[in-house]
Amino acid sequence: MRLNRRQTLGLMGAAAATTLAAPAIAQNRKIVVGALRFTSHSGSFIALERGYFNDAGLDVELKFFQAAQPMAVAIASGDVDYAVTAVSGGLISLADKGAIKVIGGALSEEDGIDGQKILASDAAFKAGLTSPSQLGGKTFGMSTAGSSFHYMGSKVAQAEGVEMSFKPLQKVGAIIGALKSGQIDAWSIVPHIAKPLAGSGAVHIIGNISDYLPGYQVTTVFTSAKNASDERGQTEDFLAGFGKGVSDYNSTMIDKAGGDDGVNEMVDLIHKYVYTDRPREKAAPSIINGTMRINEGARLNVASLKDQLEWFQSEDLVGKDITLDTLVDGSYVEIYEG
Amino acid sequence: MAETEAANRPNDDKPIEVRFRGGGFAPRSLRWVGVAVFVVLIGLIQWGTQSGWISALTLPKPSDVLATFVQLWESGLLFKHLQPSLTRLVIGAALGASAGIATGVLIGLFSYVRAGLVPLVAAIFPIPKIALLPLFVIWFGIDEGSKYALIAFGTFTPTVVATYGAVDNVDRSLIRMGQSFGLSWSSIVRKIVLPGAMPGILSGLRISLAIAIILLVAAEMLGAEYGIGAYILEAGSLYDLERLFAGVVILSLLGVLVSALIGLLEKRLLGWRV
Amino acid sequence: MGMDIRLDGICHSYGDTDVLRDISLEIPTGQIVCLVGPSGCGKSTLLRLIGGLERPGSGRVLQLGAPPADSLNPLTFVFQDFALLPWRSVKGNISLVLEDHGIRGQRSKAIIDDVLKRTKLSDFADALPKQLSGGMKQRVAIARALAVNPAVMLMDEPLSALDAQTRELLMDDLVALWTRQPFTAVYVTHNLAEAVRLGHTIVVLSRRPGQIREIVRIDTPIGERRAGDPVCQTKHDLLWELMREEARAADEELIDG
Ligand SMILES: Nc1ncnc2c1ncn2[C@@H]1O[C@H](COP(=O)(O)OP(=O)(O)OP(=O)(O)O)[C@@H](O)[C@H]1O
Ligand SMILES: [Mg+2]
């Protein structure tokens with residue numbers, strides 16, 4: 001048997017693990033997992049690299065996407081089995097069409113851990129936009145209407161009792177460009193993008209999303225409705241493998257269980273997938289800065305999901321008759337209201 | 001026996017009518033066929049989506065698209081979206097087409113301009129103008145400026161190419177005639193070159209304006225809250241197929257309208273064509 | 001009064017091909033000079049040189065005497081393909097050549113009416129070229145030429161795009177026009193019958209490079225020439241003899257490339 005690097009690592013990981021859950025079904029079922037090259041997708045990277053998927057009897061192929069939208073479509077079309085993405089109007093709409101289901105939680109805002117930041121452009125900052133309460137009459141960047149940016153911005157404005165106008169700019173890169181050049185006034189984004197931007201002086205951090213949306217369930221694990229209902233075993237296996245990856249990530253990167261060595265080793269692993277175009281020493285700070293807690297055991301904050309669903313409905317972005325049960329299959333993971 | 005033989009011989013007394021073989025290859029105006037194709041296609045989709053044979057993820061129900069459209073109309077949102085789009089289209093296309101016609105005529109008339117600009121136009125023609133949108137945003141601002149610029153730029157190049165081609169195709173003997181009667185340069189350009197190039201310019205405009213409509217959606221990708229393109233993009237990101245199709249239908253109608261307008265213009269301006 | 005044209009040692013070539021060689025010729029006022037010669041010998045080129053649409057390689061085209069004061073365009077072409085603007089009516093095509101001289105309104109209308117009457121086109125003033133037959137189009141072209149009151153008309157095979165009957169009729173028209181008011185013309189043709197019918201002098205060019213082979217004069221007044229007229233027939237046969245050899249040689253040259 002010829003082993004490639006990934007399989008070797010997998011075997012080593014398997015040997016290192018103390019107890020192994022018995023695979024629910026026959027070994028090596030081939031599945032495709034969609035991912036973006038973001039730190040927040042580390043759960044999948046770790047589970048693959050350390051062989052947790054193999055242990056769960058899955059032969060996982062990672063498929064990378066440039067954006068969350070096409071990934072959701074790929075799940076709906078059956079080209080991808082499982083993926084992690086932010087809740088958006090599109091995702092809810094696909095769930096409403098019977099194509100996908102949210103089966104677990106991934107990234108969420110949590111007290112004490114750096115979460116998503118509210119940013120102001122340098123020009124707007126100098127003109128007095130120094131806290132979210134001054135957002136009235138400003139322009140707020142978003143990828144598209146019904147994106148998570150739209151949700152966050154709206155919620156912040158609502159809480160502050162102000163009105164903003166939202167500029168759709170399709171891509172994160174375009175939003176960053178518009179913010180830097182002062183074409184838009186404000187935006188919100190994960191810390192590993194926010195911090196370097198603020199460091200360059202082109203933008204300023206003026207607040208935290210967690211102050212407005214505590215416990216915000218930013219990203220979720222989702223799959224096709226068919227997998228959720230007909231492939232229970234496989235789905236449980238995926239969540240088991242994914243959950244172990246997440247556990248490793250949280251304990252090493254947030255709780256520092258392995259000390260600095262553990263962090264370094266983890267950075268090495270993640271760097272294989274994220275910031276691959278940069279040398280290790282340049283990528284490391286970004287990876288470390290980008291650390292956010294991923295929900296243990298993929299547990300899911302349904303209260304946050306409910307709030308998001310209701311907001312999308314109130315904005316007439318998705319159908320009013322969609323219920324939380326249409327969107328979520330809560331039978332796989334622990335659900336909580338936070 | 002004798003009778004069959006006679007029947008086999010064509011040059012016998014029985015005359016045989018010459019078989020007609022000259023049909024086809026001549027386009028006839030059969031407008032109803034186009035309508036029928038549409039009706040049948042839409043009917044099929046309606047039946048397919050109704051019966052579940054086509055899933056909700058594949059295509060929306062045509063009746064739902066119609067309902068969305070009606071709702072759009074009744075809520076007044078249609079005009080809220082249509083008005084900025086039409087403004088962008090008219091201003092952008094007018095800028096691009098008039099600059100394109102002027103440049104095309106100059107290329108057609110002056111060898112130096114031709115030598116200098118034709119390679120440049122050839123170089124910018126294949127650039128997907130959408131790729132330049134971020135640049136336009138920096139140059140012209142995220143508001144209307146960049147949208148006008150994108151549409152203008154997109155209509156400019158095909159108009160230039162069509163126009164100088166049309167000027168090149170103006171019958172040289174007519175220009176010689178003008179010269180032989182001692183007409184001034186400007187008279188020759190105004191009275192011979194421009195009218196002679198008009199058919200080519202107008203058919204170029206047909207293509208340029210279709211491109212302008214395509215670019216409308218691209219232009220509204222960045223920073224447009226209202227507009228048909230913004231509406232379609234939003235519907236796309238929400239997987240709201242009904243709205244998506246309603247938007248696409250509006251664009252198609254816009255295309256048909258523009259084409260009809262040019263047809264009218266051709267009828268008025270080019271009645272002299274044989 | 002009147003303006004003669006003199007060609008003085010005209011040579012012309014396009015790149016390496018010599019087209020015309022040492023052409024010297026007088027075109028006297030009030031006369032029609034016909035140019036005949038095999039295909040490709042440079043007749044049209046010579047006409048363009050005379051009309052100033054091209055510059056000769058060497059030699060000069062000279063105007064002797066001033067053109068009539070009321071001549072708007074002393075050297076005026078009538079083209080084989082009519083060269084009418086298809087987007088202008090008959091009237092518009094004629095007014096085109098007047099507009100640049102600042103002639104508009106009543107004066108323009110008077111001139112147009114006059115030339116249309118002379119070419120028997122009064123009923124078609126508002127027609128577009130696409131509505132006219134070939135013969136009528138050529139009459140419009142002739143009317144347009146007459147409108148600028150030319151000193152010399154340069155006609156390049158004006159009738160060869162037309163069928164035989166129309167050609168006969170138009171020839172009669174030209175003869176009538178000339179008899180009413182003699183004009184100067186250089187008339188290029190392939191058709192010896194036309195040359196014999198209309199030419200005071202007939203210049204025979206050799207095959208390319210075109211040189212003057214022979215100048216034939218016909219003294220019978222133009223108005224009195226009839227088909228089958230013995231003088232005309234003799235001249236016709238003479239011309240045919242001259243041309244036959246050249247035409248054959250030219251033909252073979254073309255085949256050889
Ligand atoms: N603009 C040009 N450039 C190059 N060669 C030319 C040009 N015009 C004419 N010629 C060549 O010059 C020669 C004479 O042409 P021209 O048209 O004067 O002949 P022609 O006597 O009028 O012929 P035809 O009887 O066929 O009308 C021909 O060989 C032609 O190919
Ligand atoms: Mg010729």
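**Figure 1. C:Pro209 sits in the loop between β8 (201–205) and β9 (212–217) of chain C.** This view, like the others, comes from a predicted model. Look at the link from C:Arg208 to C:Pro209: this peptide bond is cis. Its omega is near -5°. Most peptide bonds are trans.

**Figure 2. B:Tyr239 lies in a loop of chain B.** The loop runs between α10 (228–237) and α11 (241–269). B:Tyr239 is not a glycine, yet its phi is positive, about 50°. Most residues other than glycine have a negative phi. Is B:Tyr239 buried or exposed? B:Tyr239 counts as buried, because its relative accessibility is 12% and the cut-off for buried is under 20%.

**Figure 3. C:Asp22 belongs to strand β2 of chain C.** The strand covers residues 17–27. C:Asp22 has a positive phi, near 50°, and is a residue other than glycine. How does C:Asp22 count by relative accessibility? C:Asp22 has a value of 48%, so it counts as partly exposed. Exposed would require over 50%.

**Figure 4. Chain C and chain B meet at an interface that buries about 1,800 Å².** Carbon and sulfur atoms give 67% of that area. Which residues of chain C lose the most area to chain B? They are C:Trp87, C:Asp100 and C:Lys130. Together these three make up 35% of what the chain C side buries. How many residues take part in the contact? Chain C brings 23 residues, and chain B brings 19 residues.

**Figure 5. A salt bridge joins B:Lys191 and C:Glu99.** The closest N and O atoms of this pair are 2.7 Å apart. Across the interface of chain C and chain B, the rule finds 2 salt bridges. Polar contacts also link the two chains: the count is 8 residue pairs, with both residues at pLDDT 80 or more.

**Figure 6. Several elements of chain C supply residues to the side that touches chain B.** Among them are the strand β5 (75–78) and the helices α2 (90–99) and α4 (134–147). Each supplies at least two residues to this side. What classes of residue does this side of chain C have? There are 14 nonpolar residues, 3 polar residues and 6 charged residues.

How values were computed:
Residues are numbered from 1 along each chain as its sequence is written. Chains are lettered from A and ligands numbered from 1 in the order in which they are written. This is a predicted model: local features need pLDDT of at least 70, side-chain atom pairs count only at pLDDT 80 or more; totals for chains, interfaces and linings use all residues. Side-chain values use heavy atoms; hydrogens and water are left out. Contact means heavy atoms within 4.5 Å. Buried area is the accessible area (1.4 Å probe) that two parts lose on being put together, summed over both. A salt bridge is a side-chain nitrogen of Lys or Arg within 4 Å of a carboxyl oxygen of Asp or Glu. A polar contact is a pair of N or O atoms within 3.5 Å; within protein, one must be able to donate a hydrogen and the other to accept it, and residues adjacent in sequence count only if both atoms are side-chain atoms. Helices (H or I, at least four residues) and strands (E, at least two) are DSSP runs, numbered from the N terminus. Ala, Val, Leu, Ile, Met, Phe, Trp, Tyr, Cys and Pro count as nonpolar, Asp, Glu, Lys and Arg as charged, and the others, Gly among them, as polar. Buried means under 20% relative accessible area, exposed over 50%, partly exposed in between (1.4 Å probe, protein chains only).
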